[in-house]
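Please walk through the arrangement of helices and strands in the structure below. Which parts pack against each other, and by which residues?

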Amino acid sequence: MGALLMGALLGCVLSPEYLGWCAVVVLLCGAALVVGFLVAPTLRIDHAMTAQPRRVLAIGAHPDDLELACGATLAKLADAGHEVRAMVMSNGSKGGDSSVRVSEASSGSEFMGVAKVQVHDFRDTNLSQHGQEMVQAIEAFINEFQPDVVMTHSGHDYHQDHQAVHSATMRAARRHSSILCFESPSATRQFNPSVFVDIAGYVDVKIHAVSMHRDQRGKPYMSAERVRSLAAFRGSQVKTSYAEGFEPVRLLGSAVGEF
C-alpha cells in the first residue's frame, strides 16, 4: 500500500496529464491506510503480562502454516509478554509467488507479534530431500535462541513437507525438554491433541493473520469459516468457546510455567 501511494505521488509530479487519476489513487490509498490504523489495533487484545516470560520457537514448512495451525496461540503468547520467534523452511515457490509469500510470511508474523521470523528457501514439495540441511538450520536457531518450548508440525499429517519438517525438528530438538506439535489443515484422523490453548478473543486475530496470505486466497482451508469451525471444535473438546490443540511429544511443566 505504501509503495502504491509513493508511486501515485511520483506520477502526479512526473505526469501532470494523469493528475486526476493519480489524485484518486492517492486519496484511496490514504483512506485505506487510515482505516488500517484504526482497525488493526482493535484486533490486538489487552492481555495480562506474564510474571515468567518464556521463549517460544514455532517451526513451519510453508509461509502460511504457522498462522493456520497456531496463529492464535502465538499472538496470545506474544501479547502476554513471551518472546516468540519463528522459522519457515520454504518460500512456497511451488505453491505460489515466492517473493510475495516471503513478504506475507513477514507481515503475518509481525501481526501475530512474532519477534523474529527466519524464512529459508529449501524447495517445497521436496523438503524431505533437505532433511540434514533443515536439521542444521533448526539446531543453529535453537542454540542461538535457547527456546523453552518448540512447536512444529505433527507427524500425523498427510503433507510430505509437514512430515519432513516434523522429522527434522525431532532430530534437531532431540535434547529439548518441551516439544508441542500443532494441527495443520492436512492433519490426519490420528492427530490426537491433549494440550489445548484457550483462544477466546483471538479467533479474529488468527483469521486476519491467515487472510494476510493473499497469494493463497481461494483455497478452502484459508476461509474464515473453516478457521473458526476448527477452533470451535477444539474448544468444545475442552468445554470452552475456542481452542487450538497440540500433541505433546514431551512437556516439562517448569519450562511452560504460566504458559
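In this predicted model, helix α3 (residues 65-79) packs against helix α4 (residues 98-112) at an angle of about 40°, and their axes are 8 Å apart. Angles under 35 degrees count as roughly parallel and those from 65 to 115 as roughly perpendicular, and α3 and α4 are therefore oblique to each other. On the α3 side the contact is made by Glu67, Gly71, Leu74, Ala75 and Ala78, and on the α4 side by Ala105, Gly108, Ser109 and Met112. Sorted by class, the α3 and α4 contact has five nonpolar, three polar and one charged residues.

Helix α4 also belongs to a right-handed β-α-β unit, in which it is joined by β2 and β3. Strand β2 (residues 83-88) pairs with β3 in the parallel sense, over four bridges. Within this pair, Met87 stands opposite Gln118 in β3.

The two strands are part of a wider sheet. It is open, has seven strands in the order β3-β2-β1-β4-β5-β7-β6, and its pairing is mixed. The edges are formed by β3 (116-119) and β6 (195-198); each has a single partner strand, so one side of each is left without a neighbour in the sheet. From one strand to the next the twist averages 25°.

At the β6 edge, the partner is strand β7 (residues 243-250), and β6 and β7 pair in the antiparallel sense over four bridges. Here Val195 stands opposite Phe246 in β7. Helix α6 packs on the sheet, where it touches β1 (55-60), β4 (149-153), β5 (179-182) and β7. The direction of α6 makes about 155° with that of β4.

Helix α6 has a helical neighbour as well. The axes of helix α5 (residues 131-145) and helix α6 (residues 160-172) come within 8 Å and cross at roughly 50°. With that angle, α5 and α6 are therefore oblique to each other. Their crossing is right-handed. From α5, the residues Gly131, Gln132, Met134, Val135, Ile138, Glu139 and Ile142 meet Ala164, Val165, Ala168, Thr169, Arg171 and Ala172 of α6. By class, this contact of α5 with α6 has eight nonpolar, three polar and two charged residues.

One further helix pair remains to be described. Helix α7 (residues 203-211) and helix α8 (residues 224-237) have axes that come within 10 Å and cross at roughly 145°. The crossing in which α7 passes α8 is right-handed. Which residues of α7 and α8 meet? Val203, Asp204, Lys206 and Ile207 are the residues in α7, and they meet Ala224, Val227, Arg228 and Ala231 in α8. By class, the contact of α7 with α8 has five nonpolar, no polar and three charged residues.

Note on methods
Residues numbered from 1 in each chain as written. Predicted model: local features only at pLDDT ≥ 70, side-chain atom pairs only at ≥ 80, totals over all residues. Heavy atoms only, no water. Axes fitted to C-alpha atoms, helices over the stretch in contact; angles between N-to-C directions. Parallel < 35°, antiparallel > 145°, perpendicular 65-115°, else oblique. Left-handed = near helix turned anticlockwise from the far one by under 90°. Contact = heavy atoms within 4.5 Å. Nonpolar A, V, L, I, M, F, W, Y, C, P; charged D, E, K, R; others polar. Pairing = 2+ DSSP bridges. Right-handed = clockwise from strand over helix to strand, strands pointing away.
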